[in-house]
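Reader: Hello! I am new to this structure and would love a close look at one part of it. Could you pick a spot and walk me through it, then show me how other parts compare?

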Amino acid sequence: MKQPNRRILLGALAVVLAAAILLSVILLGHGRNSVYVYSFADGILGMTDFQNDGNESSGIVTTDRVQTAFLTETQKNVQVQVTEGQQVHKGDTLFTYDTTLSKIALQQKDLEVQQLKLDLETAKKELREINSYVPMVPRPELPESPAPAEPSHPLAGLDDAALADADYYVYTGSGDTANNPKLCWLRSGTMVDTALMEDLFSAAAQDVLFVRFLQTEEDQASGAVIGDFGIELMRLSTPDDPSGYTYAYSFFQPSVSEPGGDSGDDMPQEDTGSGYTAAEIAKMRADKQAELQEIDFKIKVAESELSIMTKEADAGTVTADFDGVVQNIVDEDTAKAQNQPLLKVSGGGGFYVTGAVSELALGSLQLDQKVTVSSWDTGLTYEGTVVEIQQFPADSELYDTSSGLTYYPYKVFIDESADLQDGFYVSMRLQSDADETPLYLDNAFLRTDGATNYVFVRNEAGRLEKRRVQVGAGLWDTYTQILSGITADDWLAFPYGKQVREGAKTMEGTNETLYGNGMGGM
(Lines give C-alpha, C1' and ligand atoms only; values in the text may rest on other atoms or scores of the structure.)
Protein backbone atom coordinates (compact mmCIF):
# COMPACT_ATOMS: atom_id res chain seq x y z
CA MET A 1 0.00 0.00 0.00
CA LYS A 2 1.33 3.44 -0.88
CA GLN A 3 1.93 6.04 1.82
CA PRO A 4 -0.91 8.54 2.47
CA ASN A 5 -0.88 11.52 0.15
CA ARG A 6 -0.61 14.08 2.95
CA ARG A 7 0.65 16.82 0.67
CA ILE A 8 -2.84 17.18 -0.78
CA LEU A 9 -4.35 17.57 2.66
CA LEU A 10 -1.74 19.96 3.96
CA GLY A 11 -2.14 22.23 0.98
CA ALA A 12 -5.90 22.33 1.33
CA LEU A 13 -5.97 22.74 5.10
CA ALA A 14 -3.73 25.81 5.11
CA VAL A 15 -6.90 27.83 5.66
CA VAL A 16 -7.71 26.25 9.01
CA LEU A 17 -6.24 26.86 12.45
CA ALA A 18 -2.93 25.20 13.26
CA ALA A 19 -4.35 23.89 16.52
CA ALA A 20 -3.51 20.21 16.59
CA ILE A 21 -2.75 20.55 20.31
CA LEU A 22 -6.46 20.80 21.00
CA LEU A 23 -7.15 17.48 19.30
CA SER A 24 -4.77 15.60 21.56
CA VAL A 25 -6.75 16.86 24.53
CA ILE A 26 -9.89 15.32 23.12
CA LEU A 27 -8.26 11.94 22.68
CA LEU A 28 -7.31 11.88 26.33
CA GLY A 29 -11.03 12.06 27.16
CA HIS A 30 -11.92 8.82 25.34
CA GLY A 31 -12.26 5.66 27.32
CA ARG A 32 -12.52 7.06 30.82
CA ASN A 33 -15.41 7.94 33.12
CA SER A 34 -14.14 11.29 34.40
CA VAL A 35 -13.25 14.56 32.71
CA TYR A 36 -10.10 16.49 33.62
CA VAL A 37 -10.59 20.00 35.03
CA TYR A 38 -7.92 22.68 35.39
CA SER A 39 -7.19 25.61 37.68
CA PHE A 40 -6.15 29.22 37.08
CA ALA A 41 -3.63 28.77 39.89
CA ASP A 42 -1.62 26.36 37.71
CA GLY A 43 -1.41 28.86 34.85
CA ILE A 44 -3.21 26.46 32.52
CA LEU A 45 -6.50 28.30 31.96
CA GLY A 46 -5.03 31.75 31.36
CA MET A 47 -3.93 34.72 33.45
CA THR A 48 -5.09 36.49 36.59
CA ASP A 49 -2.33 39.11 36.79
CA PHE A 50 -2.02 40.77 33.39
CA GLN A 51 0.20 43.77 34.16
CA ASN A 52 -1.16 45.95 31.34
CA ASP A 53 -4.78 45.61 32.47
CA GLY A 54 -5.12 49.41 32.42
CA ASN A 55 -5.05 50.08 36.16
CA GLU A 56 -1.30 50.76 35.96
CA SER A 57 0.00 53.67 33.90
CA SER A 58 2.84 56.17 33.79
CA GLY A 59 3.58 59.62 32.47
CA ILE A 60 5.62 62.81 32.60
CA VAL A 61 4.76 65.57 35.09
CA THR A 62 3.67 68.95 33.78
CA THR A 63 2.95 72.02 35.93
CA ASP A 64 0.36 74.76 36.12
CA ARG A 65 1.29 77.79 38.26
CA VAL A 66 3.60 75.83 40.51
CA GLN A 67 7.39 75.71 40.08
CA THR A 68 9.62 73.30 41.99
CA ALA A 69 13.42 73.38 41.76
CA PHE A 70 15.45 70.23 42.56
CA LEU A 71 19.25 70.19 42.43
CA THR A 72 21.55 67.58 40.89
CA GLU A 73 25.03 66.60 42.02
CA THR A 74 26.51 68.41 39.00
CA GLN A 75 25.06 71.80 40.05
CA LYS A 76 27.63 73.65 42.20
CA ASN A 77 27.96 77.03 43.92
CA VAL A 78 24.22 77.58 44.18
CA GLN A 79 23.30 81.20 45.01
CA VAL A 80 19.66 81.75 46.05
CA GLN A 81 18.48 85.25 45.03
CA VAL A 82 15.08 85.30 46.83
CA THR A 83 13.70 84.87 50.33
CA GLU A 84 10.90 82.69 51.64
CA GLY A 85 7.50 84.42 51.37
CA GLN A 86 8.77 86.87 48.74
CA GLN A 87 6.43 87.87 45.92
CA VAL A 88 8.17 87.30 42.57
CA HIS A 89 7.21 88.11 39.00
CA LYS A 90 7.70 86.12 35.84
CA GLY A 91 11.33 86.34 34.75
CA ASP A 92 12.76 87.20 38.20
CA THR A 93 15.95 85.29 39.07
CA LEU A 94 15.38 82.60 41.69
CA PHE A 95 18.93 81.20 41.95
CA THR A 96 22.13 80.76 39.97
CA TYR A 97 24.58 77.85 39.77
CA ASP A 98 27.67 76.48 38.04
CA THR A 99 27.51 73.09 36.36
CA THR A 100 30.07 70.36 35.86
CA LEU A 101 27.76 68.57 33.41
CA SER A 102 29.64 67.96 30.15
CA LYS A 103 28.47 67.56 26.58
CA ILE A 104 29.92 64.04 26.68
CA ALA A 105 27.55 63.14 29.55
CA LEU A 106 24.60 64.43 27.52
CA GLN A 107 25.70 62.44 24.48
CA GLN A 108 26.07 59.29 26.57
CA LYS A 109 22.55 59.70 27.99
CA ASP A 110 21.16 60.27 24.49
CA LEU A 111 22.92 57.14 23.22
CA GLU A 112 21.46 55.21 26.16
CA VAL A 113 17.94 56.25 25.11
CA GLN A 114 18.53 55.26 21.48
CA GLN A 115 19.97 51.86 22.46
CA LEU A 116 17.01 51.15 24.73
CA LYS A 117 14.61 51.93 21.87
CA LEU A 118 16.48 49.48 19.65
CA ASP A 119 16.27 46.87 22.42
CA LEU A 120 12.51 47.50 22.63
CA GLU A 121 12.00 46.89 18.90
CA THR A 122 14.08 43.71 19.08
CA ALA A 123 12.02 42.42 22.02
CA LYS A 124 8.76 43.19 20.17
CA LYS A 125 9.99 41.23 17.16
CA GLU A 126 10.92 38.30 19.40
CA LEU A 127 7.48 38.38 21.05
CA ARG A 128 5.78 38.25 17.65
CA GLU A 129 7.89 35.22 16.78
CA ILE A 130 6.99 33.48 20.07
CA ASN A 131 3.30 34.18 19.45
CA SER A 132 3.60 32.42 16.08
CA TYR A 133 4.91 29.18 17.61
CA VAL A 134 2.68 26.11 17.30
CA PRO A 135 3.07 23.76 20.29
CA MET A 136 4.47 20.29 19.71
CA VAL A 137 2.15 17.38 20.48
CA PRO A 138 4.04 14.35 21.78
CA ARG A 139 2.48 10.98 21.01
CA PRO A 140 2.27 8.68 24.03
CA GLU A 141 4.12 5.43 23.60
CA LEU A 142 1.80 2.49 23.03
CA PRO A 143 2.49 -1.16 23.69
CA GLU A 144 3.28 -3.24 20.65
CA SER A 145 0.33 -5.22 19.33
CA PRO A 146 0.29 -8.27 17.07
CA ALA A 147 -0.02 -7.65 13.36
CA PRO A 148 -3.68 -7.51 12.29
CA ALA A 149 -5.17 -10.07 9.96
CA GLU A 150 -5.24 -9.25 6.28
CA PRO A 151 -8.21 -6.88 5.87
CA SER A 152 -10.92 -7.16 3.26
CA HIS A 153 -11.41 -4.29 0.82
CA PRO A 154 -12.72 -1.30 2.86
CA LEU A 155 -15.15 -0.31 0.07
CA ALA A 156 -16.57 -3.79 -0.40
CA GLY A 157 -20.22 -3.54 -1.39
CA LEU A 158 -19.97 -0.05 -2.83
CA ASP A 159 -21.27 0.25 -6.41
CA ASP A 160 -18.86 1.89 -8.88
CA ALA A 161 -21.83 3.77 -10.37
CA ALA A 162 -22.20 5.74 -7.13
CA LEU A 163 -18.75 7.24 -7.70
CA ALA A 164 -19.18 8.09 -11.37
CA ASP A 165 -19.94 11.81 -10.98
CA ALA A 166 -18.68 12.36 -7.45
CA ASP A 167 -15.49 14.03 -6.24
CA TYR A 168 -15.95 12.30 -2.90
CA TYR A 169 -18.38 9.82 -1.35
CA VAL A 170 -19.10 9.33 2.36
CA TYR A 171 -19.62 5.58 2.66
CA THR A 172 -20.10 4.48 6.25
CA GLY A 173 -19.03 4.96 9.88
CA SER A 174 -20.17 7.26 12.70
CA GLY A 175 -16.98 9.30 12.99
CA ASP A 176 -17.21 9.27 16.80
CA THR A 177 -13.82 7.64 17.37
CA ALA A 178 -10.69 6.70 15.47
CA ASN A 179 -11.88 3.09 15.65
CA ASN A 180 -15.15 3.92 13.91
CA PRO A 181 -14.34 6.81 11.56
CA LYS A 182 -16.46 8.09 8.74
CA LEU A 183 -15.17 6.39 5.60
CA CYS A 184 -14.84 8.86 2.74
CA TRP A 185 -13.74 7.91 -0.77
CA LEU A 186 -11.77 10.73 -2.43
CA ARG A 187 -11.28 11.10 -6.18
CA SER A 188 -7.65 11.62 -7.22
CA GLY A 189 -6.74 15.33 -7.20
CA THR A 190 -9.70 16.35 -5.04
CA MET A 191 -8.81 18.73 -2.22
CA VAL A 192 -10.01 18.37 1.36
CA ASP A 193 -11.12 21.99 1.67
CA THR A 194 -13.48 23.96 3.88
CA ALA A 195 -16.51 23.12 1.71
CA LEU A 196 -15.83 19.38 2.10
CA MET A 197 -15.41 19.75 5.87
CA GLU A 198 -18.68 21.69 6.11
CA ASP A 199 -20.41 18.87 4.19
CA LEU A 200 -18.96 16.26 6.51
CA PHE A 201 -20.21 18.13 9.58
CA SER A 202 -23.63 18.89 8.08
CA ALA A 203 -24.94 15.44 9.02
CA ALA A 204 -22.99 15.18 12.28
CA ALA A 205 -24.31 16.19 15.70
CA GLN A 206 -20.85 16.34 17.26
CA ASP A 207 -18.12 18.97 16.81
CA VAL A 208 -15.34 16.38 16.60
CA LEU A 209 -15.20 14.03 13.64
CA PHE A 210 -12.80 11.21 12.72
CA VAL A 211 -12.63 10.70 8.95
CA ARG A 212 -10.72 8.01 7.05
CA PHE A 213 -10.03 9.09 3.47
CA LEU A 214 -9.39 6.49 0.74
CA GLN A 215 -8.08 6.83 -2.80
CA THR A 216 -8.31 3.92 -5.23
CA GLU A 217 -6.75 2.92 -8.54
CA GLU A 218 -8.61 4.36 -11.53
CA ASP A 219 -11.02 5.91 -9.00
CA GLN A 220 -13.00 2.67 -8.91
CA ALA A 221 -14.67 1.33 -5.75
CA SER A 222 -13.11 -2.08 -6.38
CA GLY A 223 -9.68 -0.65 -7.27
CA ALA A 224 -6.64 -1.22 -5.12
CA VAL A 225 -6.26 1.30 -2.29
CA ILE A 226 -3.46 3.75 -3.20
CA GLY A 227 -4.08 6.33 -0.48
CA ASP A 228 -5.32 5.74 3.08
CA PHE A 229 -5.07 8.45 5.75
CA GLY A 230 -7.05 9.61 8.78
CA ILE A 231 -7.91 13.17 9.74
CA GLU A 232 -9.41 14.15 13.08
CA LEU A 233 -11.44 17.33 12.53
CA MET A 234 -12.74 19.80 15.11
CA ARG A 235 -15.38 22.43 14.40
CA LEU A 236 -14.87 25.57 16.53
CA SER A 237 -17.34 28.40 17.03
CA THR A 238 -15.82 31.84 16.60
CA PRO A 239 -16.53 34.35 19.43
CA ASP A 240 -16.57 37.30 17.01
CA ASP A 241 -19.02 35.58 14.62
CA PRO A 242 -21.28 33.08 16.46
CA SER A 243 -22.72 31.83 13.16
CA GLY A 244 -19.30 31.02 11.70
CA TYR A 245 -16.86 28.22 12.30
CA THR A 246 -13.16 27.52 12.00
CA TYR A 247 -11.66 24.05 11.77
CA ALA A 248 -8.72 22.42 13.54
CA TYR A 249 -7.25 19.09 12.48
CA SER A 250 -4.76 16.38 13.31
CA PHE A 251 -3.69 13.18 11.53
CA PHE A 252 -4.38 9.78 13.03
CA GLN A 253 -3.47 6.31 11.82
CA PRO A 254 -6.67 4.71 10.44
CA SER A 255 -7.57 1.12 11.07
CA VAL A 256 -6.77 -1.28 8.21
CA SER A 257 -9.64 -3.58 9.21
CA GLU A 258 -13.27 -3.28 8.25
CA PRO A 259 -14.94 -0.01 9.28
CA GLY A 260 -15.78 -0.22 12.96
CA GLY A 261 -12.84 -2.57 13.64
CA ASP A 262 -10.33 -1.97 16.43
CA SER A 263 -6.88 -1.02 15.14
CA GLY A 264 -5.51 -0.51 18.63
CA ASP A 265 -4.01 2.83 17.54
CA ASP A 266 -6.24 5.87 17.81
CA MET A 267 -3.61 8.34 18.98
CA PRO A 268 -2.47 11.24 16.77
CA GLN A 269 0.90 11.16 15.04
CA GLU A 270 3.52 13.25 16.79
CA ASP A 271 3.35 16.87 15.65
CA THR A 272 6.68 18.51 16.45
CA GLY A 273 5.35 22.00 15.62
CA SER A 274 7.80 24.61 16.94
CA GLY A 275 9.66 22.03 19.03
CA TYR A 276 8.33 23.61 22.26
CA THR A 277 5.46 22.41 24.42
CA ALA A 278 2.52 24.73 25.08
CA ALA A 279 3.72 25.25 28.66
CA GLU A 280 7.20 26.24 27.43
CA ILE A 281 5.73 28.68 24.92
CA ALA A 282 3.51 30.24 27.61
CA LYS A 283 6.54 30.82 29.85
CA MET A 284 8.59 32.26 26.97
CA ARG A 285 5.73 34.64 26.17
CA ALA A 286 5.37 35.77 29.80
CA ASP A 287 9.14 36.33 30.15
CA LYS A 288 9.27 38.38 26.95
CA GLN A 289 6.27 40.49 27.98
CA ALA A 290 7.99 41.25 31.30
CA GLU A 291 11.16 42.20 29.41
CA LEU A 292 9.16 44.57 27.17
CA GLN A 293 7.64 46.31 30.16
CA GLU A 294 11.03 46.68 31.83
CA ILE A 295 12.65 48.18 28.71
CA ASP A 296 9.72 50.56 28.21
CA PHE A 297 10.10 51.72 31.81
CA LYS A 298 13.85 52.29 31.36
CA ILE A 299 13.19 54.36 28.22
CA LYS A 300 10.74 56.65 30.03
CA VAL A 301 13.14 57.20 32.95
CA ALA A 302 16.13 57.81 30.67
CA GLU A 303 14.18 60.30 28.52
CA SER A 304 13.10 62.17 31.65
CA GLU A 305 16.71 62.33 32.88
CA LEU A 306 17.92 63.52 29.47
CA SER A 307 15.34 66.32 29.41
CA ILE A 308 16.34 67.57 32.88
CA MET A 309 20.07 67.29 32.06
CA THR A 310 19.58 69.29 28.85
CA LYS A 311 17.86 72.13 30.72
CA GLU A 312 20.69 72.20 33.29
CA ALA A 313 23.41 72.32 30.63
CA ASP A 314 21.69 75.14 28.74
CA ALA A 315 21.35 77.49 31.72
CA GLY A 316 23.13 78.75 34.79
CA THR A 317 20.22 80.82 36.02
CA VAL A 318 16.74 79.69 37.07
CA THR A 319 13.97 82.30 36.76
CA ALA A 320 10.32 82.40 37.81
CA ASP A 321 7.90 80.99 35.25
CA PHE A 322 4.97 83.13 36.51
CA ASP A 323 3.95 85.57 39.21
CA GLY A 324 3.85 83.84 42.60
CA VAL A 325 5.13 83.44 46.14
CA VAL A 326 8.44 81.74 47.11
CA GLN A 327 8.00 78.81 49.54
CA ASN A 328 10.03 76.18 51.40
CA ILE A 329 13.61 77.36 50.81
CA VAL A 330 16.27 74.92 52.13
CA ASP A 331 20.07 75.06 51.88
CA GLU A 332 21.98 73.40 49.03
CA ASP A 333 23.43 70.55 51.12
CA THR A 334 20.04 69.62 52.64
CA ALA A 335 18.34 69.71 49.23
CA LYS A 336 20.89 67.30 47.75
CA ALA A 337 21.26 64.99 50.77
CA GLN A 338 17.52 64.56 51.39
CA ASN A 339 16.40 64.86 47.76
CA GLN A 340 14.19 67.83 48.60
CA PRO A 341 13.38 70.86 46.44
CA LEU A 342 15.69 73.84 46.94
CA LEU A 343 12.60 76.04 46.76
CA LYS A 344 9.10 76.24 45.36
CA VAL A 345 7.11 79.07 43.78
CA SER A 346 3.35 78.89 44.21
CA GLY A 347 0.76 80.63 42.07
CA GLY A 348 -2.24 78.60 43.20
CA GLY A 349 -1.86 75.73 40.75
CA GLY A 350 -0.65 72.15 40.85
CA PHE A 351 0.78 69.23 38.86
CA TYR A 352 -0.72 67.21 36.02
CA VAL A 353 0.12 63.79 34.61
CA THR A 354 -1.46 62.15 31.56
CA GLY A 355 -1.73 58.37 31.71
CA ALA A 356 -3.63 55.85 29.62
CA VAL A 357 -6.20 53.21 30.52
CA SER A 358 -6.78 50.14 28.36
CA GLU A 359 -10.16 49.23 26.95
CA LEU A 360 -10.33 46.49 29.60
CA ALA A 361 -10.64 49.09 32.37
CA LEU A 362 -12.11 52.11 30.53
CA GLY A 363 -15.66 51.31 31.67
CA SER A 364 -14.69 51.50 35.35
CA LEU A 365 -12.70 54.77 35.09
CA GLN A 366 -14.55 57.79 36.55
CA LEU A 367 -13.98 61.50 37.04
CA ASP A 368 -12.81 62.37 40.57
CA GLN A 369 -11.47 58.82 40.98
CA LYS A 370 -8.44 58.70 43.26
CA VAL A 371 -5.04 57.73 41.86
CA THR A 372 -1.83 56.77 43.65
CA VAL A 373 1.10 58.63 42.06
CA SER A 374 4.69 57.49 42.71
CA SER A 375 7.77 59.48 41.69
CA TRP A 376 10.75 57.51 40.37
CA ASP A 377 13.01 60.52 41.01
CA THR A 378 12.30 60.91 44.74
CA GLY A 379 10.57 57.63 45.66
CA LEU A 380 7.70 59.57 47.28
CA THR A 381 4.01 58.76 46.79
CA TYR A 382 1.06 61.16 46.49
CA GLU A 383 -2.66 61.01 45.88
CA GLY A 384 -4.10 62.50 42.71
CA THR A 385 -7.55 62.88 41.18
CA VAL A 386 -8.81 62.05 37.68
CA VAL A 387 -9.94 65.35 36.11
CA GLU A 388 -10.27 64.40 32.43
CA ILE A 389 -11.06 61.24 30.44
CA GLN A 390 -10.64 61.27 26.66
CA GLN A 391 -12.98 59.19 24.50
CA PHE A 392 -10.55 58.86 21.60
CA PRO A 393 -7.64 56.35 21.54
CA ALA A 394 -4.15 57.46 22.49
CA ASP A 395 -1.33 57.73 19.96
CA SER A 396 -0.23 54.12 19.41
CA GLU A 397 3.42 55.19 19.46
CA LEU A 398 3.08 56.35 23.08
CA TYR A 399 1.87 53.04 24.49
CA ASP A 400 2.86 49.43 23.94
CA THR A 401 0.24 47.92 21.62
CA SER A 402 1.80 44.45 21.32
CA SER A 403 -1.13 43.09 23.33
CA GLY A 404 -3.60 44.23 20.67
CA LEU A 405 -5.43 46.47 23.19
CA THR A 406 -6.51 50.07 22.63
CA TYR A 407 -5.55 52.71 25.21
CA TYR A 408 -7.43 55.90 26.15
CA PRO A 409 -5.75 58.96 27.79
CA TYR A 410 -6.82 60.36 31.13
CA LYS A 411 -5.41 63.31 33.11
CA VAL A 412 -4.62 63.36 36.84
CA PHE A 413 -4.23 66.45 39.06
CA ILE A 414 -1.93 66.52 42.15
CA ASP A 415 -2.01 69.59 44.39
CA GLU A 416 1.00 71.89 44.76
CA SER A 417 2.07 70.43 48.14
CA ALA A 418 3.67 67.48 46.31
CA ASP A 419 7.43 67.55 45.78
CA LEU A 420 7.27 67.00 42.04
CA GLN A 421 8.95 68.82 39.20
CA ASP A 422 8.19 69.50 35.56
CA GLY A 423 9.61 66.58 33.56
CA PHE A 424 9.61 64.02 36.40
CA TYR A 425 8.61 60.48 35.40
CA VAL A 426 5.90 58.96 37.63
CA SER A 427 3.83 55.79 37.76
CA MET A 428 0.13 55.75 38.59
CA ARG A 429 -2.28 53.20 39.97
CA LEU A 430 -6.04 53.68 39.82
CA GLN A 431 -7.66 53.19 43.22
CA SER A 432 -10.77 51.00 43.23
CA ASP A 433 -13.12 49.40 45.72
CA ALA A 434 -13.36 46.29 43.54
CA ASP A 435 -11.55 43.29 45.02
CA GLU A 436 -12.28 40.72 42.30
CA THR A 437 -9.30 39.26 40.49
CA PRO A 438 -9.39 40.02 36.72
CA LEU A 439 -9.47 36.85 34.62
CA TYR A 440 -8.09 36.31 31.11
CA LEU A 441 -9.22 32.90 29.84
CA ASP A 442 -7.46 30.93 27.12
CA ASN A 443 -9.80 30.95 24.11
CA ALA A 444 -9.55 27.15 23.86
CA PHE A 445 -11.65 26.82 27.06
CA LEU A 446 -14.40 29.21 25.92
CA ARG A 447 -17.34 28.17 23.74
CA THR A 448 -19.97 30.26 21.98
CA ASP A 449 -23.55 29.28 21.20
CA GLY A 450 -25.20 32.07 19.25
CA ALA A 451 -24.78 35.19 21.39
CA THR A 452 -24.07 33.15 24.52
CA ASN A 453 -20.55 32.45 25.79
CA TYR A 454 -20.10 29.57 28.19
CA VAL A 455 -17.61 27.27 29.89
CA PHE A 456 -17.75 23.85 31.56
CA VAL A 457 -16.91 24.27 35.25
CA ARG A 458 -16.75 21.90 38.21
CA ASN A 459 -19.56 22.55 40.69
CA GLU A 460 -19.68 21.93 44.44
CA ALA A 461 -20.74 18.32 43.85
CA GLY A 462 -17.64 17.67 41.76
CA ARG A 463 -19.68 17.40 38.55
CA LEU A 464 -19.42 19.37 35.30
CA GLU A 465 -21.76 22.32 34.96
CA LYS A 466 -22.33 24.40 31.82
CA ARG A 467 -22.09 28.01 32.94
CA ARG A 468 -22.70 31.24 31.05
CA VAL A 469 -19.99 33.91 31.26
CA GLN A 470 -19.86 37.59 30.31
CA VAL A 471 -16.80 38.42 28.21
CA GLY A 472 -14.80 41.58 27.54
CA ALA A 473 -12.02 42.38 25.11
CA GLY A 474 -9.68 39.90 23.46
CA LEU A 475 -5.97 39.84 24.22
CA TRP A 476 -3.15 38.78 21.82
CA ASP A 477 -5.73 36.73 19.86
CA THR A 478 -5.13 34.15 22.61
CA TYR A 479 -7.13 35.20 25.68
CA THR A 480 -10.57 36.72 26.38
CA GLN A 481 -11.33 38.85 29.42
CA ILE A 482 -14.00 37.28 31.65
CA LEU A 483 -16.15 39.93 33.33
CA SER A 484 -18.46 37.60 35.30
CA GLY A 485 -19.56 33.98 35.64
CA ILE A 486 -16.42 32.37 37.06
CA THR A 487 -13.67 33.23 39.55
CA ALA A 488 -10.00 32.37 39.89
CA ASP A 489 -10.98 29.60 42.30
CA ASP A 490 -13.00 27.67 39.71
CA TRP A 491 -11.84 24.54 37.86
CA LEU A 492 -12.70 24.33 34.15
CA ALA A 493 -12.76 21.48 31.62
CA PHE A 494 -11.56 21.64 28.05
CA PRO A 495 -15.02 22.03 26.45
CA TYR A 496 -14.76 19.51 23.62
CA GLY A 497 -15.00 15.76 23.49
CA LYS A 498 -17.61 13.05 23.88
CA GLN A 499 -17.19 12.86 27.66
CA VAL A 500 -17.66 16.61 28.23
CA ARG A 501 -21.29 17.11 29.24
CA GLU A 502 -23.24 18.44 32.19
CA GLY A 503 -23.22 16.08 35.14
CA ALA A 504 -20.01 14.29 34.15
CA LYS A 505 -17.66 13.31 36.97
CA THR A 506 -14.40 15.28 37.19
CA MET A 507 -10.83 14.82 38.28
CA GLU A 508 -8.09 17.44 38.63
CA GLY A 509 -5.66 17.58 35.72
CA THR A 510 -2.14 18.93 35.18
CA ASN A 511 -0.02 20.21 32.29
CA GLU A 512 0.89 16.59 31.55
CA THR A 513 -2.72 15.45 31.18
CA LEU A 514 -3.60 18.49 29.08
CA TYR A 515 -0.70 18.36 26.65
CA GLY A 516 -0.53 14.64 26.05
CA ASN A 517 2.31 13.53 28.31
CA GLY A 518 0.13 11.34 30.47
CA MET A 519 -2.96 9.14 30.19
CA GLY A 520 -4.34 9.54 33.70
CA GLY A 521 -8.04 8.96 34.30
CA MET A 522 -10.55 6.97 36.22
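Author: In this predicted model, a polar atom of the Lys344 side chain lies 2.7 Å from the backbone oxygen of Glu416. Lys344 itself belongs to strand S14, which covers residues 343-358. Is Lys344 buried or exposed? Its relative accessibility is 2%, and because buried means under 20%, Lys344 counts as buried. Leaving aside residues up to four places away in sequence, Lys344 touches Val66, Gln67 and Thr68, then Val325, Val326 and Gln327, and finally Glu416, Ser417, Ala418 and Asp419. Glu416 is thus one of the residues that Lys344 touches, and its backbone oxygen is the one at 2.7 Å.

From here we can visit two other buried residues. Ser39 sits in strand S1, residues 34-39, and has a relative accessibility of 5%, so Ser39 counts as buried too. With residues up to four places away set aside, Ser39 touches Ile44 and Leu45 as well as Asp490 and Trp491.

Gly175 is found in a loop, the one between strand S7 (168-172) and strand S8 (182-186). With a relative accessible area of 0%, Gly175 is buried. Among the residues that Gly175 touches, beyond those up to four places away in sequence, are Asn180, Pro181 and Lys182, and also Gln206, Val208, Leu209 and Phe210. Gly175 and Gln206 are 31 residues apart along the chain, and 9.1 Å separates their C-alpha atoms.

Next, have a look at helix H4, residues 194-202. Here Leu196, Met197, Leu200 and Phe201 are buried. These four cover an arc of only 135° around the axis, which puts them on the same side of H4. The spacing helps to make sense of this: an α-helix has 3.6 residues a turn, so residues three or four places apart point the same way. On the face of H4 turned away from the buried side, you will find the exposed residues Ala195 and Ser202.

Last comes a small stop at a sheet. Three strands form an open sheet in the order S4-S6-S12, and their pairing is antiparallel. Strand S4 (75-80) and strand S12 (317-319) stand at the edges; each has a single partner strand, so one side of each is left without a neighbour in the sheet. On average, neighbouring strands of this sheet are turned by 20° against each other, direction ignored. Between S4 and strand S6 (residues 93-99), the antiparallel pairing runs over four bridges. To find your place there, look for Gln79, which stands opposite Thr96 in S6.

Terms used: Residues are numbered from 1 along each chain as its sequence is written. This is a predicted model: local features need pLDDT of at least 70, side-chain atom pairs count only at pLDDT 80 or more; totals for chains, interfaces and linings use all residues. Side-chain values use heavy atoms; hydrogens and water are left out. Buried means under 20% relative accessible area, exposed over 50%, partly exposed in between (1.4 Å probe, protein chains only). Contact means heavy atoms within 4.5 Å. Two strands pair if DSSP finds at least two bridges between them. Axes are lines fitted to C-alpha atoms, for helices over the stretch in contact, and angles run from 0 to 180 degrees between N-to-C directions. The arc is that of the directions from the helix axis to the C-beta atoms. A polar contact is a pair of N or O atoms within 3.5 Å; within protein, one must be able to donate a hydrogen and the other to accept it, and residues adjacent in sequence count only if both atoms are side-chain atoms.
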